[in-house]
Amino acid sequence: MVSAVVAVTLRELLRRRRALALVVALPLAFYLARIDTTGQAVRFLALGVGWAVATLSLFTHVSSRDLDQRLAIVGASPSALVAGRQLALTATGLGLAGAYFALVALTQDVAHLWTVALLLGTSVLIAAPLGAAVSLLVPRELEGALALLSIMALQMLADPDGTGAKFLPLWSTREFTTYAVDPSGGADLAQGLLHFAAVAAIAIGTTWIAGVLRLRPRRLPVPSTQ
């Protein structure tokens, strides 16, 4: 069942040509805007990838809501529906991350190049469930996109050294970027991994629980014979 949902979701994504164009163009714009400053260019690229994947995830989950409800009624597993869509979105995002990792490798000189791959990959792993979670809280695409815009704007504008910034979903990008660009010790890498693990667990858990609760079959009251 999961593989079938993955295949259907990938076909739906291919039909969303404008959304896919956004996924490709938005991170590139972020990267080119800071290409002369390696650290900012790499971090803004990761934020752009996260923003694009989260928005694509939002649109996909909102547009498939009615279909998923019908499938759940006829016996499809809610967990399989949630997992299938997340796997398809994550695979799409990781493919994009791989392409941009190659771009960074060709255009930038960083101390720990492999950390850039980790940075982009973790951004995708957070963004896919984040977009799904927002779609469950905000039922319409426009309002959901504005909510994601607000989150990403805060992510870019907040002081990364401030306490509040650590509660934002992609704060780990700052730690990974620091380790990738500067020949520092492993403290930044460790902090980034801990933050990523916590945020990913919350985002994935919230998406799965909310999705399963929303799609679970509901028993209708037995009609009275009187």
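Begin by selecting L45, V49, V116 and L120, which touch the most other members among the 46 residues of the largest nonpolar core. Keep in mind, as you look around, that this is a predicted model. To see where the core comes from, colour α2 (17–33), α3, α5 (78–107), α6, α7 (141–157), α8 and α9, each of which supplies at least two of its residues. The largest share, 15 residues, comes from α3. As background, nonpolar side chains in soluble globular proteins tend to be buried together.

Stay with L45 and show its surroundings: apart from neighbours within four places in sequence, L45 is in contact with P27, Y31, Y100, V104 and L120. Then select V5, A76, L81 and L215, which are included in a second, separate core of 5 residues.

**Along helix α3**

Next, move to S57, which is found in helix α3. Is S57 buried or exposed? Its relative accessibility is 0%, and because buried means under 20%, S57 counts as buried. If you leave aside the neighbours within four places in sequence and display what S57 is in contact with, you should find Q86, L89, A128, G131 and A132.

**Helix α8 and its cover**

Now select residues 172–181, which form helix α8, a helix that is mostly covered, with 7 of its 10 residues buried. The buried residues of α8 are S172, T173, E175, F176, T177, Y179 and A180. Which helices should you show to see what covers them? The cover of these buried residues includes α3 (38–63), α6 (113–137) and α9 (187–215).

**Stepping back to the whole chain**

Finally, zoom out and switch to a cartoon view, in which the secondary structure of the chain comes to 9 helices and 0 strands. Rotate the C-alpha trace of the chain, which spans about 80 × 35 × 30 Å along its principal axes. The radius of gyration of the chain is 19 Å, which agrees with the value near 17 Å that a compact globule of 226 residues would have. Of the 226 residues, 45% count as buried, and among contacts with a separation of 6 or more, 76% are between residues 24 or more positions apart.

If you turn on the surface, the accessible area of the chain comes to about 11,400 Å², and 67% of this belongs to carbon and sulfur atoms. As a last step, colour the charges of the chain, where the mean positions of the 17 positive and 12 negative ones are 16 Å apart.

Terms used
Residues are numbered from 1 along each chain as its sequence is written. This is a predicted model: local features need pLDDT of at least 70, side-chain atom pairs count only at pLDDT 80 or more; totals for chains, interfaces and linings use all residues. Side-chain values use heavy atoms; hydrogens and water are left out. Helices (H or I, at least four residues) and strands (E, at least two) are DSSP runs, numbered from the N terminus. The radius of gyration is taken over C-alpha atoms; the globule rule is 2.2 Å times the number of residues to the power 0.38. Buried means under 20% relative accessible area, exposed over 50%, partly exposed in between (1.4 Å probe, protein chains only). Contact means heavy atoms within 4.5 Å. Accessible areas come from the Shrake-Rupley method with a 1.4 Å probe; for residues, only the protein chains shown count as cover. Lys and Arg count as positive and Asp and Glu as negative; His and the chain ends are not counted. The place of a charge is taken as NZ of Lys, CZ of Arg, CG of Asp or CD of Glu. A nonpolar core is a set of buried Ala, Val, Leu, Ile, Met, Phe, Trp, Tyr and Cys residues joined through side-chain atoms within 4.5 Å.
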